[in-house]
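Work through the exercises below with the model open. Try each task before reading its solution.

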Amino acid sequence: MPSGKKPVSCIPCAKRKVRCDKVQPCCHCRRRRQDTCVYPELSGINHQLLREHTERIEKLELYIRSLGGNPKLADEAQSPCNSGEPTSQENTNINEPCRNESTATSWPLSDKLSPARQVYRPVPRTSELLAHGDGVTCIETPMWYSWKGHDHSLSPHRPNTQTSNIHYLPTILNPRQILGSDKSFTPLPLALHLNVLWPVFLKNVHPLVKIFFDWEVVPVIEKAQKSALALSIEEQALVNGIRFIAILTLSHEECQSSLSESKHELLLHCQRSLEHALTQAEYTETTDKRVLQAFMLYILAMRDRTRPAAIYPLMGIASRVAERIGLHHDGSMFGLSVVRSEERRRIWWQLQFMELAIARLVGTLSLTIFANWDTKIPSNLEDGDFCPDLEVMPSEHKGITSISPCLWRYSILQMRRESLGQNSFESMAWMLSPHLSLAEKDAKIDDIEKMLAERFLQHCELLNPLHVHMQIGIRQFILAARSNARQPTLVNAKISEVHPQTRDDLLKICSKSLEYFVMSQTTPSISGFGWGNDIFFQVPSFVYLILEAHQRYNDHQVVGLWSLISRVYNVHLDLMTAVNRPEVTFIARITVAAWQKYDNQMRQQRSGVHGAIVMEAPEWIRQLCYNFNLPLTDSSTTTEEVEQSFSSDPAQLLPSNFDFDMIDWSFWEALF
């Protein structure tokens with residue numbers, strides 16, 4: 001029989017039902033001397049069809065290579081032949097793939113990584129299994145959508161750090177520590193602060209969620225203020241939810257001046273009161289819309305008070321409760337009234353948006369786009385356009401309404417669902433797909449931007465706070481989409497090897513995105529909406545900005561980059577205080593390291609003109625170093641001392657294998 005690849009497995013491998021490498025002799029027969037590697041006769045095979053299939057396989061392998069993949073990697077990872085290890089039936093550990101000398105250099109991650117960070121990736125894809133001891137997490141994205149999905153509850157807390165004390169609070173599913181452990185706990189009186197917080201809710205929260213009609217809840221609020229004992233347990237849960245999230249939208253100063261209480265203490269009491277009411281209402285088994293609405297407000301309020309990994313299961317409960325109520329089907333098919341049908345639409349679509357947003361924080365892609373639900377998108381109508389006895393749906397408004405901040409987000413989801421065609425995962429993840437060119441991705445983003453401009457942006461008023469908030473949100477979304485579309489093309493790339501125009505374009509996109517984020521946090525008229533702006537912050541854009549600041553330390557643009565970086569730190573307090581999050585610590589380290597290089601360059605330039613000079617780091621850099629225990633040269637240090645101290649121990653800030661020239665997001669993750 002001629003040498004080379006055979007079209008079928010050898011007879012011994014076929015009998016043992018093991019993978020044969022189809023060479024003469026095969027790897028198994030070489031190892032088992034008692035076997036004779038014999039291949040079956042192929043007299044009955046269609047040789048023309050075989051040649052066509054062979055040619056097609058070769059073309060497909062060529063196409064995979066053109067995308068940067070290795071078509072042989074799957075065989076090498078799954079086959080034990082080359083390593084001499086036990087067969088795949090005997091080795092089921094996902095963290096110990098088969099390797100040999102020829103494949104070791106092409107394996108995705110090096111052997112130096114700790115077991116907690118090893119990833120099994122037999123073929124290039126947008127999904128990874130991240131192993132943590134005996135647990136495994138599925139990450140659907142090759143870059144950071146947000147650091148919040150990769151938190152670590154066991155990270156040591158530095159004692160000398162000025163940090164917020166609300167990070168990682170337990171949720172209703174895990175009432176450990178102080179919450180829920182005190183059996184003598186008494187919920188706050190329902191009427192407490194309700195006269196202040198109900199208007200706050202209507203102004204700061206209601207336009208961004210729209211899960212009920214305001215006029216329908218007014219009688220409940222009035223009843224709570226007059227006689228709380230007259231409220232049902234379902235109504236108590238809803239009132240507690242409204243109060244909890246309303247307090248979250250207030251600043252510490254506003255809480256003190258309007259309510260004469262500490263925001264931190266009041267939030268803790270309101271959280272416990274809401275959890276108590278939800279438990280009493282049996283929120284996991286309920287079929288009451290008011291309990292579901294209260295639970296949704298709880299999830300929204302807890303999003304910044306605990307880990308996303310703790311919030312994600314709560315979304316599963318909310319979705320299952322909604323499905324039990326039948327919200328995934330449009331109310332019109334059940335013969336429900338106009339008002340009840342519209343209310344159900346508002347609840348369901350907000351729930352789907354929450355699902356997508358929180359899934360993004362834990363690094364996965366929600367399948368809600370694929371799910372078989374047919375609830376219509378809510379109408380562009382004000383709450384006041386509805387009344388209990390309404391029989392015919394009013395005509396939609398053409399301009400902006402109070403529900404428009406919700407509708408522009410829902411419209412993107414609807415557009416994605418309508419454009420899917422066939423239900424394919426690749427269609428859903430087109431932004432991350434290596435099969436689409438950047439021009440094709442930009443064209444899709446252009447279509448989304450055009451839709452949003454025609455339906456919303458062109459109708460916005462410059463002096464209306466709600467309109468301003470919506471404009472900033474839409475701009476942030478479009479810029480984030482363009483940034484994310486470009487990131488997969490940069491995997492394993494180095495900044496110095498990227499075309500200058502490509503670098504400038506990405507830097508412009510990232511800078512503009514962060515400018516909008518700063519604007520959303522510093523514009524006084526929209527400060528009440530700040531609680532919902534965290535979903536638009538793009539960590540990859542911020543990290544890329546820091547890397548470019550390091551690369552362009554002697555460029556005229558670097559002053560503007562450092563100005564923007566400092567403003568982001570000033571408005572995003574988690575970046576400055578969340579020391580128990582390894583990702584934030586890492587960002588702090590690369591920030592200080594990049595600043596040291598820039599500072600050293602400035603010292604050298606100025607010392608050439610004025611002689612040896614003394615420079616003092618800005619206050620935000622000094623505070624960052626203090627919070628994260630990072631070394632920083634003091635104001636009495638000369639230029640020569642800076643050079644000596646910084647160059648003598650480069651590992652004092654970053655891992656020894658860190659490369660500031662690398663822009664591979666997954667590479668950064670592996671360093672934690």
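**Exercise 1.** Find how exposed arginine 340 is, then identify its salt-bridge partner.

*Solution.* Step 1: take the accessibility. Arginine 340 has a relative accessible area of 27%. The partly exposed class runs between 20% and 50%, so arginine 340 is partly exposed. Keep in mind that this is a predicted model.

Step 2: look for the partner. Arginine 340 forms a salt bridge with glutamate 216. The closest N and O atoms are 2.9 Å apart.

Step 3: place both ends. Arginine 340 sits in helix H14 and glutamate 216 in helix H8, so the pair ties together parts that are 124 residues apart in sequence.

**Exercise 2.** Glutamate 216 also forms a salt bridge with lysine 289; test the pair against the distance cut-off and locate both residues.

*Solution.* Step 1: check the distance. The closest N and O atoms of glutamate 216 and lysine 289 are 3.9 Å apart. The cut-off is 4 Å, so the pair counts as a salt bridge.

Step 2: locate the residues. Glutamate 216 is in helix H8 and lysine 289 in helix H12. They are 73 residues apart, and the pair links distant parts of the chain.

Step 3: classify the exposure. Glutamate 216 is partly exposed, at 26% relative accessibility. Lysine 289 is partly exposed too, at 27%.

**Exercise 3.** Are glutamate 548 and arginine 552 buried or exposed? Describe their pairing, then survey the salt bridges of the whole structure.

*Solution.* Step 1: classify. Both glutamate 548 and arginine 552 are buried.

Step 2: pair them. They form a salt bridge, with the closest N and O atoms 2.8 Å apart.

Step 3: widen the search. The whole structure holds 21 salt bridges. One network of salt bridges links Asp442, Asp446, Glu449, Arg475, Arg482 and Arg486.

**Exercise 4.** Explain how the buried residues of helix H6 are arranged, and find what they pack against.

*Solution.* Step 1: list the buried positions. In H6, residues 194–204, these are Leu194, Leu197, Trp198, Val200, Phe201 and Asn204.

Step 2: look down the axis. The buried residues fall within an arc of 165 degrees, so they line one face of H6.

Step 3: recall the helix geometry. An α-helix has 3.6 residues a turn, so residues three or four places apart point the same way.

Step 4: check the other side. There, Asn195 and Lys203 are exposed.

Step 5: find the neighbours. The buried residues of H6 pack against helices H7 (206–209), H8 (214–226), H9 (233–248), H10 (252–259) and H12 (289–302).

**Exercise 5.** How many disulfides does a search of the whole structure find? Classify cysteine 460 and cysteine 625 as well.

*Solution.* Step 1: run the search. It finds zero disulfides.

Step 2: apply the burial cut-off of under 20%. Cysteine 460 is buried at 16%. Cysteine 625 is buried at 5%.

**Exercise 6.** Which residues form a nonpolar patch on the surface with Met333? Then describe the chain as a whole.

*Solution.* Step 1: name the patch. Met333, Phe334 and Leu336 form it, with about 290 Å² of accessible area together. Methionine 333 lies in the loop between helix H13 (308–325) and helix H14 (338–361).

Step 2: count the elements. The protein chain has 26 helices and three strands.

Step 3: assess burial. Of its 672 residues, 52% count as buried.

Key:
Residues are numbered from 1 along each chain as its sequence is written. This is a predicted model: local features need pLDDT of at least 70, side-chain atom pairs count only at pLDDT 80 or more; totals for chains, interfaces and linings use all residues. Side-chain values use heavy atoms; hydrogens and water are left out. Buried means under 20% relative accessible area, exposed over 50%, partly exposed in between (1.4 Å probe, protein chains only). Helices (H or I, at least four residues) and strands (E, at least two) are DSSP runs, numbered from the N terminus. The arc is that of the directions from the helix axis to the C-beta atoms. Contact means heavy atoms within 4.5 Å. A disulfide is a pair of cysteine sulfur atoms within 2.5 Å. Patches are made of residues with over 30% relative accessible area and no salt bridge: like charges are joined within 9 Å, nonpolar side chains (Val, Leu, Ile, Met, Phe, Trp, Tyr) within 5 Å. Accessible areas come from the Shrake-Rupley method with a 1.4 Å probe; for residues, only the protein chains shown count as cover. A salt bridge is a side-chain nitrogen of Lys or Arg within 4 Å of a carboxyl oxygen of Asp or Glu.
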